[in-house]
Amino acid sequence: MSSLRLRELREEDADDVARLFVEAWGESRRMNGDEIRQWLANASLLPENLLVLVDEDDRVVGYFDVWHEGESVDVDMASPGFWDETLEHAENRARALGAKRVRTFFVEGHDLGARVAARGYREIRGSWTMEIEFGVEAPAEPVVPDGIDLRPYRHPQDEAAVYEALQEAFEDHWGSHPVSIETWRGFTVEHRTFDPDLWLVAWAGDEVAGASLNYPQKPDDPGYGWIGTLGVRPAFRRRGVGEALLRRSFAALHARGLRTVRLSVDAQSTTGATRLYERAGMGVIRQSNTWERSL
């Protein structure tokens, strides 16, 4: 019988959990304690769904969290050496929440793939991390389509309009679910890396056509500029709005001294996003996959 015990994540666990992420995932998840503490401060992340495995001395040896959406539960975890115990606990938590399936997501080629496959999981979707590098010279300014005006985000005046536009922009994307503005705030404007001067909004008169939410770094991938969300409402697609936002984002991040910019994109996107990023000079540096199991 395992001597490990399950309990809720505490603030004093943050550095240990960050260490587990780096040990488990290497370059793909270079987490730090500040990010873990941010999770604890996020009202959308319920304490009962942020859990650690501890040994007899209360030493943290594993971590997982669950996010319940509809009939699915998404599991993120970092438990090197204790993967099966962690998955068992996570699946039990998903059952307790009434989920019909559980999903987890991690970098392609990791040893965990064989373990989850043995438990009945199957790969259902891929995601690319893409990158572009610049020299000292600033990236070229974009060609902005007629009738579109690119402006910096104004906080909080633009918050509701940008939130609503991005909800519409992503409603036809795989795996997307509507989120409340309160939940959206917790992961965007209330995040420690939020910098309104780096966010860009494409306006068509008084309407938001699209937006690009950029950050000076990704929480688990420091040292690079990060395009966290880039979305264009369906009525404004195929007009060059996305490319204008992308290239202006490159320029904004470059002006901050960031010579490498990254983003994440659905590898099977039907919106043409992958082709846009490749055309702009970005290349794939790694793939991560979503695995799913029915409960």
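**Strand E11 and the buried Ser 212**

Of the seven residues that form strand E11 (residues 260-266), five are buried, so this strand is largely enclosed by the rest of the structure. The model described here is a predicted one, and strand E11 offers a convenient place to start reading it.

Strand E11 has pairing partners that run in opposite senses, and they can be taken in turn. Strand E6, which spans residues 122-133, runs antiparallel to E11 and is joined to it by seven bridges; within this arrangement, Glu 133 stands opposite Thr 260 of E11. Strand E10, made up of residues 225-232, pairs with E11 in the parallel sense over three bridges, and here Ile 227 has Leu 263 in E11 as its bridge partner. Strands E10 and E11 also belong, together with helix H7 (residues 241-255), to a β-α-β unit that is right-handed.

From Ile 227 the reader can move on to Ser 212, a residue placed in strand E9, which covers residues 207-215. Ser 212 has a relative accessible area of 0%, and it is therefore buried, since that term applies to values under 20%. Which residues surround Ser 212, leaving aside its neighbours within four places in sequence? Ser 212 is in contact with Leu 198, Trp 199 and Leu 200, with Ile 227, Thr 229 and Leu 230, and also with Leu 245 and Ser 249. Closer along the chain, the side chain of Ser 212 makes a polar contact of 2.9 Å with the side chain of Asn 214. In a regular strand, side chains alternate between the two faces of the sheet.

How values were computed: Residues are numbered from 1 along each chain as its sequence is written. This is a predicted model: local features need pLDDT of at least 70, side-chain atom pairs count only at pLDDT 80 or more; totals for chains, interfaces and linings use all residues. Side-chain values use heavy atoms; hydrogens and water are left out. Buried means under 20% relative accessible area, exposed over 50%, partly exposed in between (1.4 Å probe, protein chains only). Helices (H or I, at least four residues) and strands (E, at least two) are DSSP runs, numbered from the N terminus. Two strands pair if DSSP finds at least two bridges between them. A crossover is right-handed if, with the strands pointing away from the viewer, the path from the first strand over the helix to the second runs clockwise. A polar contact is a pair of N or O atoms within 3.5 Å; within protein, one must be able to donate a hydrogen and the other to accept it, and residues adjacent in sequence count only if both atoms are side-chain atoms. Contact means heavy atoms within 4.5 Å.
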